[in-house]
Amino acid sequence: MDLSLIPNIKHTNSNNFFLLAGPCAIEGEDMAMRIAEKVITITDKLEIPYVFKGSFKKANRSRIDSFTGIGDEKALKILRKVSETFNVPTVTDIHEVSDAAKAAEYVDVLQIPAFLVRQTDLVVAAAKTGKVVNLKKGQFMSPESMQHAVKKVHDAGNEKAWITDRGTMFGYQDMIVDFRGIPTMRQYAPTVLDVTHSLQQPNQTSGVTGGRPDMIETIARAGVVNNVDGLFIETHFDPANAKSDGANMLDLAYLENLLTNLVAIRKVVNSL
């Protein structure tokens, strides 16, 4: 898919991977604007095509008392303000068929969560908005099975589909990335590696997902070496106090060094 079809995306001729990055959830306007401004400064410097990521609500929480959002319309309006202020495209995830048309009024890419990627009505509703549809591979699914999710988008009249690998279940409480899946999924659609969710340690007895943020650069480097089209990284200036997924997010202070290293690796890969 031609990245230039996405409104406001920059650096599409840089031959870099593209980046989806931002907080797990929109916690408020100030935090969203602060994270967006920092990431945009870095990606402009490194000429990385960038899409700001933020969930307008979190429907798939382990515990009833987990943070789910600040209100749908309020969060979506913040995503729109980020887009308009910084002239950058945005992505958010949707959980119900009714979310598709609603979110499409505010963002440029609709993301289907991994747990829901087999839900045909949801995938088709996203596709029919005409937006890019980012299909997250279910933790329980093979790379080969994602061709059918992509076909649902295409059969709905939308050729703009991505696949995102976010790790595969390894026992009850761990995830692994099978890098053999990247070339397989790239046969079906541009493929993104979700670095931070791939390092989750789910199903903890506390009901709060753990993670291994110390392995972020290891996984990201391997993705770039294996020709992934894009990277997905959740980042926050205070992960320890983030309201969602803080255990596996990247501290925003480390993002520039990470991306600088990854761009250097990409140049080597491109030269081979």
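Biologist: What makes you call strand 1 (residues 18–22) mostly covered?

Modeller: Of its 5 residues, 5 are buried. Buried means a relative accessible area under 20%, exposed means over 50%, and partly exposed lies in between (1.4 Å probe, protein chains only). The strand itself is a DSSP run: strands are E runs of at least two residues, helices are H or I runs of at least four, and both are numbered from the N terminus. Please keep in mind that this is a predicted model, where local features need pLDDT of at least 70, side-chain atom pairs count only at pLDDT 80 or more, and totals for chains, interfaces and linings use all residues. Residues are numbered from 1 along each chain as its sequence is written, and side-chain values use heavy atoms, with hydrogens and water left out.

Biologist: Which residues point one way from strand 1, and which the other way?

Modeller: Phe-18, Leu-20 and Gly-22 go one way, Leu-19 and Ala-21 go the other, and all are buried. In a regular strand, side chains alternate between the two faces of the sheet.

Biologist: How do you know that strand 1 pairs with strand 12 (residues 230–236)?

Modeller: Two strands pair if DSSP finds at least two bridges between them. Strands 1 and 12 are joined by 5 bridges and run parallel, with Phe-18 opposite Gly-230. Strand 2 qualifies too: 3 bridges link it to strand 1, again in parallel, and Leu-20 has Val-51 as its bridge partner there.

Biologist: Let's move to helix 2. How do you know what span is expected of helix 2 (residues 72–86)?

Modeller: The expected span is 1.5 Å times one less than the number of residues. For the 15 residues of helix 2 the expected value is 21 Å, and the reach from first C-alpha to last is 21 Å, so by that definition the two agree.

Biologist: Which residues of helix 2 are buried, and what puts them on the same side?

Modeller: The buried ones are Ala-75, Leu-76, Ile-78, Leu-79, Val-82, Ser-83 and Phe-86. They share one side of helix 2 because they cover an arc of only 155° around the axis. That arc is taken from the directions running from the helix axis to the C-beta atoms. The face turned away from this buried side carries the exposed residues Lys-74 and Glu-84.

Biologist: What do the buried residues of helix 2 pack against?

Modeller: They pack against helix 1 (29–46), strand 2 (50–53), strand 3 (90–93) and helix 3 (97–104). A contact here means heavy atoms within 4.5 Å.

Biologist: Why is Asn-87 called partly exposed?

Modeller: Its relative accessible area is 39%, which falls between the two cut-offs, so partly exposed is the right label. Asn-87 lies in the loop between helix 2 and strand 3, and its phi near 55° is a positive value in a residue other than glycine.

Biologist: And why does Asn-8 count as partly exposed?

Modeller: Asn-8 has 35% relative accessibility, so it also falls in the middle class. This residue sits in the segment before strand 1, and its phi is positive as well, near 70°.

Biologist: Which residues of helix 7 (residues 216–225) are buried, and what puts them on the same side?

Modeller: Ile-216, Ile-219, Ala-220, Gly-223 and Val-224 are buried. Their arc around the axis is only 135°, which places them on the same side of helix 7. Their cover includes helix 6 (181–186), strand 9 (191–194), strand 12, strand 13 (250–251) and helix 8 (255–271). Just after helix 7, Asn-227 takes a positive phi of about 65°.

Biologist: How do you know that the radius of gyration agrees with a compact globule?

Modeller: The rule is 2.2 Å times the number of residues to the power 0.38, with the radius taken over C-alpha atoms. For 272 residues it gives a value near 19 Å, and the protein has 17 Å, which agrees. Besides this, 54% of the residues count as buried, and the C-alpha atoms fill a box of roughly 50 × 45 × 40 Å along the principal axes.

Biologist: How many helices and strands are there in the protein?

Modeller: The protein has 8 helices and 13 strands.
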